[in-house]
Amino acid sequence: MGLKEALLRQGVYFQEVETYLKQGRLEAALDKLREWEMAFPLSKVSGELPLLYSQYFFRKGDYERALDEMKDLIKLNPQTPFLAAAELLMAKAYFHLGKKEEAGSLYRKIMKEYPDSSFSREARRAYISQF
């Protein structure tokens, strides 16, 4: 399989998993995540796969596991292009775990480091409503 085809297939996996998550079809999302991981084991490094795994666990209410996925991603690839998304999801998970200080710290970091982004706007809304 060529690089172009591999990238296209991974894009399809991403879209399918994201759609299943939005629809609340969590088991279908998990099945597709596992299929994706088997087909492209190195995709964990870029960040898309762990981000979606984290979103899956977050929606299941397993906030600790969602946090672990994002922490592992950041440790593995601190330059991931999904850093802002990872930090936002981490802040939300911390809040749900009652760790408001950690959540607030991440929300403030996102607002400071990504001031004109949709992540900053979402962090600001969450910060205002939660603190």
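Select Lys-44 and Glu-37 to begin, and look at their side chains, which meet in a salt bridge with N and O 3.7 Å apart; here a salt bridge is a side-chain nitrogen of Lys or Arg within 4 Å of a carboxyl oxygen of Asp or Glu. Lys-44 has a relative accessible area of 26% and is partly exposed, and Glu-37, at 25%, also counts as partly exposed, where buried means under 20% relative accessible area, exposed over 50%, and partly exposed in between, with a 1.4 Å probe and protein chains only.

Keep in mind that this is a predicted model, in which local features need pLDDT of at least 70 and side-chain atom pairs count only at pLDDT 80 or more, while totals for chains, interfaces and linings use all residues. Residues are numbered from 1 along each chain as its sequence is written, and side-chain values use heavy atoms, with hydrogens and water left out.

**Further salt bridges**

Side chains of opposite charge can pair when their charged atoms come close. A search of the whole structure finds 8 salt bridges, and the next one to select is Lys-60 with Glu-27, whose closest N and O atoms are 3.5 Å apart. This pair links distant parts of the chain, since Lys-60 belongs to helix H4 (residues 48-60) and Glu-27 to helix H2 (residues 26-39), 33 residues apart; helices are DSSP runs (H or I, at least four residues), numbered from the N terminus. Lys-60 is partly exposed at 45% relative accessibility, and Glu-27 is partly exposed at 44%.

Now move along H2 to Lys-32 and Glu-35, which form a salt bridge with their closest N and O atoms 3.5 Å apart. These two residues are 3 residues apart in helix H2, so about one helical turn separates them. Lys-32 counts as buried, with 15% relative accessibility, whereas Glu-35 is partly exposed at 39%. Add Glu-16 to the selection, and you have a network of salt bridges that links Glu-16, Lys-32 and Glu-35.

**A nonpolar patch on the surface**

Switch to a surface view and select Leu-42, Val-45 and Leu-76, which form a nonpolar patch with about 310 Å² of accessible area together. Such patches are made of residues with over 30% relative accessible area and no salt bridge, like charges being joined within 9 Å and nonpolar side chains (Val, Leu, Ile, Met, Phe, Trp, Tyr) within 5 Å; the areas come from the Shrake-Rupley method with a 1.4 Å probe, and for residues only the protein chains shown count as cover. Val-45 lies in helix H3 (residues 43-46) and is partly exposed, with a relative accessible area of 37%.

**Around H5 and H6**

Which residues are in contact with Met-70, leaving aside its neighbours within four places in sequence? Select Met-70 in helix H5 (residues 63-76), and you will find Pro-50, Leu-51, Ser-54, Ala-86 and Met-90 in contact with Met-70, contact meaning heavy atoms within 4.5 Å. Met-70 is buried at 0% relative accessibility, and its C-alpha atom is separated by 5.8 Å from that of Ala-86, 16 residues apart along the chain.

Next, select Ala-85 in helix H6 (residues 83-96), which counts as buried at 15% relative accessibility. Neighbours within four places in sequence aside, Ala-85 is in contact with Leu-51 and Phe-119. For another distance to display, go to Asp-62 in the loop between H4 and H5, which is partly exposed at 32%; the C-alpha atoms of Asp-62 and Ala-93 are 8.7 Å apart in space, with their positions 31 residues apart in sequence.

**The H7 and H8 pair**

Finish with helix H7 (residues 100-113) and helix H8 (residues 118-130), which pack at an angle of about 145 degrees with their axes 8 Å apart. Axes are lines fitted to C-alpha atoms, for helices over the stretch in contact, and angles run from 0 to 180 degrees between N-to-C directions. The contact involves residues of H7 including Gly-104, Tyr-107 and Ile-110, and residues of H8 including Phe-119, Ala-123 and Tyr-127.

Within H8, select Ser-120, which is buried with a relative accessible area of 0%. Residues up to four places away in sequence not counted, Ser-120 touches Ile-110, Met-111, Tyr-114 and Pro-115.
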